[in-house]
Amino acid sequence: MSRAGQVLAAVRRLAGLLLAVALLAGLPMLTGCAPKDRAVGDSWHEGTVPHDGVDRSDTLVALIGCPQKGEKDPDAGLDSRILASLKAERMKGYFSSAQSTSDQQDGVQDAINRGVSLILIRRPGPGDWTPALKAARKAGIPVVEFAQSAKAWTPDPGRLYYAATVHPVDPAGHPHAPLLADALQTIVDDGPHARIMAVRLSADREGAEDEHRQ
């Protein structure tokens, strides 16, 4: 064998050794992004090994708006209040407006392309959401529904696509409910949480009055 051939063979042996080490170490790049039989962000169970989560200031949330029903929007200003709630807790977010289910799904794909930490969808419209949600799942991005109340619409009985449903409550009447940013951070970090969570958008009385008017 020529010297060049010997060098090439040595390089191949080294590459094989490195691959074997990576397999034994269980490096993330060799594993799937989505947990088996559970939604991304909802795979915690007893015995889960704790790990360091994403820093709050590095978390980016995509807020997908909902199509307006009728001429008057009863939830006018809610999207801004959601983003303000996140910003107050050092969490970044941006708004993707939607006039239809198709617009919402396009917003999900754009969020995937941006590599966001979490996708928050307000009132997903009717239609086939499976392709969009599968894409988010494959990318390892948790998806959360933002509902108006705890009257639970259950969009995901198989628990494969939605990590949770959150709904806003009056801080004065629910002082122990987590702030929205805290709830979303728990999901991003794949911590233990309920499937349906009441959340506060603010901690003060003024915020409570605003939420009560919505």
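**Entry 1: strand pairing**

I take two strands to pair if DSSP finds at least two bridges between them. With that rule in hand, I turned to β3 and β4 of this predicted model, and found that they run parallel and are joined by 4 bridges. At one position of this pair, Arg 122 stands opposite Phe 146 in β4.

I then looked up β4 itself. Are its faces covered or uncovered? Both are covered: Val 143 and Glu 145 lie buried on one side, and Val 144 and Phe 146 lie buried on the other. I note the general rule that side chains in a regular strand alternate between the two faces of the sheet.

**Entry 2: the chain as a whole**

I counted the secondary structure next, and the chain comes to 6 helices and 6 strands. Read from the N terminus, the order of elements is α-β-α-β-α-β-α-β-β-α-β-α. The chain has 214 residues, and 40% of them are buried. I also looked at contacts between residues with a separation of 6 or more: residues 24 or more positions apart account for 70% of these.

**Entry 3: the sheet**

In what order do the strands lie in the sheet? I read it as β2-β1-β3-β4-β5-β6, an open sheet of 6 strands with parallel pairing. β2 (92-96) and β6 are the edge strands, each of which pairs on one side only. On average, and ignoring direction, neighbouring strands of this sheet are turned by 25° against each other.

I checked two further pairs. β1 and β3 pair in the parallel sense over 4 bridges, with Ala 62 opposite Ile 119 in β3. Helix α3 (residues 101-114) packs on the sheet and touches β1, β2 and β3. The direction of α3 makes about 165° with that of β3.

The second pair is β5 with β6, again parallel and again over 4 bridges. Here His 167 stands opposite Ala 198 in β6. I compared the two faces of β6: Met 197 and Val 199 form a covered face, whereas Ile 196 and Ala 198 form an uncovered one.

**Entry 4: helix α5**

I turned to α5 (residues 180-188), which is mostly covered, with 7 of its 9 residues buried. The buried residues are Leu 180, Ala 181, Ala 183, Leu 184, Gln 185, Ile 187 and Val 188. What covers them? I found that the cover includes the strands β1 (60-64), β3 (118-122), β4 (143-146), β5 (162-168) and β6 (196-199), together with helix α2 (78-88). After α5 comes Asp 190, whose phi is positive, near 55°.

**Entry 5: the nonpolar cores**

Nonpolar side chains tend to be buried together in soluble globular proteins, so I looked for cores. The largest nonpolar core has 22 residues, and those that touch the most other members are Leu 120, Leu 180 and Leu 184. Two or more residues each come from β1, α2, β3, β4, β5, α5 and β6. The element that gives the most is α5, with 6 residues.

I followed Leu 184 outward, leaving aside its neighbours within four places in sequence. Leu 184 is then in contact with Val 61, Leu 86, Met 91, Leu 118, Leu 120 and Val 144. I also found a second, separate core of 17 residues, which includes Ile 112, Trp 129, Ala 132 and Leu 133.

**Entry 6: α2 against α5**

How do these two helices lie to each other? Their axes come within 8 Å and cross at roughly 75°. Angles of 65 to 115 degrees count as roughly perpendicular, and α2 and α5 are therefore roughly perpendicular to each other. On the side of α2 I listed Ile 82, Ser 85 and Leu 86, which meet Leu 180, Ala 181 and Leu 184 in α5. The residues of this contact divide into 5 nonpolar, 1 polar and no charged.

**Entry 7: a proline in a loop**

My last item was Pro 171, in the loop between β5 and α5. Is Pro 171 buried or exposed? The relative accessible area of Pro 171 is 6%, and buried means under 20%, so I recorded Pro 171 as buried. I also checked Pro 171 against Val 199: the two are 28 residues apart in sequence, and their C-alpha atoms are 8.4 Å apart in space. Val 199 belongs to the covered face of β6 noted in Entry 3.

How values were computed
Residues numbered from 1 in each chain as written. Predicted model: local features only at pLDDT ≥ 70, side-chain atom pairs only at ≥ 80, totals over all residues. Heavy atoms only, no water. Buried < 20%, exposed > 50% of the residue type's maximum accessible area, 1.4 Å probe, protein only. Contact = heavy atoms within 4.5 Å. Core = buried A, V, L, I, M, F, W, Y, C linked by side-chain atoms within 4.5 Å. Axes fitted to C-alpha atoms, helices over the stretch in contact; angles between N-to-C directions. Parallel < 35°, antiparallel > 145°, perpendicular 65-115°, else oblique. Nonpolar A, V, L, I, M, F, W, Y, C, P; charged D, E, K, R; others polar.
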